[in-house]
Every structure is written in structure tokens, then in C-alpha cells.
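Colleague: I am new to this structure and should be grateful for a close look at a single part of it. Please take one helix and then place it in its surroundings.

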Amino acid sequence: MSRAGPPRRKVTRVAVGVLLRDDGCVLLADRPAGKPFAGYWEFPGGKIEPGEPVERALGRELHEELGIDIGPSFPWVTFEFDYPHAYVELQFRRVYRWRGQLLAREGQRLRFVDPAAALPQPLLPAAVPALRWLLLPRVAVLVTPRAAVELTAAPASKEGATLGGQARLAVSGADRCDEGRGSFLQTVRKLAADRRHWLLACTHDAQHASGIEGVALQIDAPGPAAAEAAGWRGTWVDSDADLRAALSSRFDFVLVRSPAVAKRLRASPPALPAFLPADAQLAQLDPDRTGGHGCWIDLRPPAGRRVASPSE
């Protein structure tokens, strides 16, 4: 069983629901007796009928399985998985609102779990990467050291009120954080003391600072630098070729700079979590605006920003 390359048999398309409460807990269900992998925990969902839109299929399946009517669902990630009993294309969609009481209509057990805590076992293999990805914050903020200090001083309730309870921010240094790097790392250490923040380094060297949870590298970063990076590994992408390279290099997530690529991913998400350019200020973000994807916001001075070319 593994995430797989080109399919060698019929592909079964599956709509998968990621039902999230305000506290960040997500719904899992175990597979009923008589099904392959009975007793394994998974995200709820089911097969997409030929010609059926994914969103409609998910609503139908969750009503049949759980007795609920869901609100809008948002594309998150899509990847293929090779099981002994089926080769599946899993289209994960985030759901934040639903109506009705959850019912185990197929005799399955239901449980809301914190992705950061102990998880029920055994897990269906395809659920494992998705649960890990749920640990990623929803918003990445690019800041200079000075802006980072100001962010640290913000009231504790600010992020929590605007991000549906997810009060962590992904903070990266400017593209050229080698300039004044000592000062930057001191700021990183200060931010690390406040666990509301989730910290990325923008260079391979900076990842060794205390409190760093990963790196955001350029897609053409030297192989050894990417391979040696500890923790989460993200990369900037500007094209479909960059996305393919990110997948083959086993990055954990991508930060999309191209508006054209971002537009496509809103409808057809990649096999990795994606942070898309935000079209709103931090205070205006909510699940309906950010959808299934994360977003990144540039708080750096204009001189430090990368401007997209007209062709992007």
C-alpha cells in the first residue's frame, strides 16, 4: 500500500470530507465490518459517481453515512493511493459547517480528534499524511525582523479571533535574510517563546536557530540543502513545472507566487497543501475566504517584495 505513480488499473474517484470544528479537531470514522480494512480509522466520504461534481458527491455521501447536511466544502488536496483492493484518487475537501446530529448510519465509530494529540489506531494509510498536514497553520506571514517584533507584541486574541481558533502563524524572514542575520535570528528566538507562532526559516543556515520548525526553500535550492532540512519542508513555486518538482522532491507544502497557478489550484488542488497569495488583510480572513487552502500575506516593505510578472 503506498501513494503511487501512474495507475495500472481502474481509478476509483473518492470524495473525502475533512470536517473541522472551531477548536481544530477533525472527524474520523472507523471502517465497518465487512469492508476492506475494517476497523481502520479514516476520513468520511465515498465514491464519486460518473459525471457527478465532487462537492455534490461529498454532500450525498456524508448525508448517507452520517445523517448531516454540509455547508460549502472547499478543495484542499488531491492525491492517488494504491491499495490492494482499489486504486483510488482521493479528493479531500474541508468542511466547516454542517446541520444535523452526527449518526453512525453504517455502524461505524465516530470520533473528533486533535491532529496534534494521540490518534486512534490503526489509521487507514491514506489518512496519515492528511492528518499530519492538518498541523500546518492556515496563514503564512512574510515579515522583516522589525515587523516580526511588532507581530509578537500583538494581543493574543487577534489571531485566534480571525483564524477560527488556529492562533498560530507561519513566519518567514525576508528573501534576503542574510542581511542582518544575527538580528533576525534573535527575533526568531523571541517568537519561538510564544507558541502561538509557527516558525519557518527562509534559508538553510537559519533553520538551526532554536524554535525553527522548518524551512521555506527556493525550488532550485541545492539538493543537499533540501535533503538535510529538519522539520517541515516547504518551497516557493511559480509554475506547474515547479509543482511537479516539489512533489518529486517530497516537500511537505508549497507557497504559490503565481496568480495564474493559484487560480487553477483553487479548483484543482495539488497533492500537497498549498499556501496561495492572499487577497485580503489578516483581519479579514475567515474559512469561507481562504477555503481549503492556506494563504500567505506579505507584510514586508515594498522594496523587499517580489513582483509577479505580467505573464504569471
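Modeller: Let us begin at the end of a helix. Helix α7 is followed by Arg250, whose phi is positive, near 60°. The model under discussion is a predicted one.

The helix itself, α7, spans residues 240–248, and its buried residues are Asp242, Leu243 and Ala246. These three cover an arc of only 100° around the axis, which puts them on the same side of α7. A general point about helices helps here. An α-helix has 3.6 residues a turn, so residues three or four places apart point the same way. The face of α7 turned away from the buried side carries Arg244 and Ser248, both of them exposed. As for what lies over the buried residues of α7, the cover includes two strands, β15 (232–237) and β16 (253–256), and also the helix α8 (259–267).

From here one may turn to the nonpolar interior. The largest nonpolar core has 52 residues, and Val256 is among those with the most contacts inside it, together with Phe43, Phe79, Leu90 and Phe92. Strand β7 (residues 73–82) supplies the largest share of this core, namely five residues. Leu90 illustrates the packing: leaving out residues up to four places away in sequence, Leu90 touches Val14, Val16, Val77, Thr78, Phe79, Phe81 and Ala126. Apart from this core lies another, of 12 residues, which includes Leu27, Val54, Ile68 and Val95. In general, nonpolar side chains tend to be buried together in soluble globular proteins.

Leu27 also leads to a sheet, for Leu27 stands opposite Phe112 in β10. The strands β3 and β10 pair in the antiparallel sense over four bridges. They belong to an open sheet of three strands, in the order β4-β3-β10, with antiparallel pairing. Here β4 and β10 (110–113) stand at the edges, each with a single partner strand, so one side of each is left without a neighbour in the sheet.

The loop between β3 (26–30) and β4 (41–42) contains Gly39. At 22% relative accessibility, Gly39 counts as partly exposed, because buried means under 20% and exposed over 50%. Leaving aside neighbours within four places in sequence, Gly39 is in contact with Asp30, Arg31, Arg109 and Pro122. Of these contacts, Arg109 is 70 residues from Gly39 in sequence, yet the two are 8.9 Å apart in space, C-alpha to C-alpha.

Definitions and conventions
Residues are numbered from 1 along each chain as its sequence is written. This is a predicted model: local features need pLDDT of at least 70, side-chain atom pairs count only at pLDDT 80 or more; totals for chains, interfaces and linings use all residues. Side-chain values use heavy atoms; hydrogens and water are left out. Buried means under 20% relative accessible area, exposed over 50%, partly exposed in between (1.4 Å probe, protein chains only). Contact means heavy atoms within 4.5 Å. The arc is that of the directions from the helix axis to the C-beta atoms. A nonpolar core is a set of buried Ala, Val, Leu, Ile, Met, Phe, Trp, Tyr and Cys residues joined through side-chain atoms within 4.5 Å. Two strands pair if DSSP finds at least two bridges between them.
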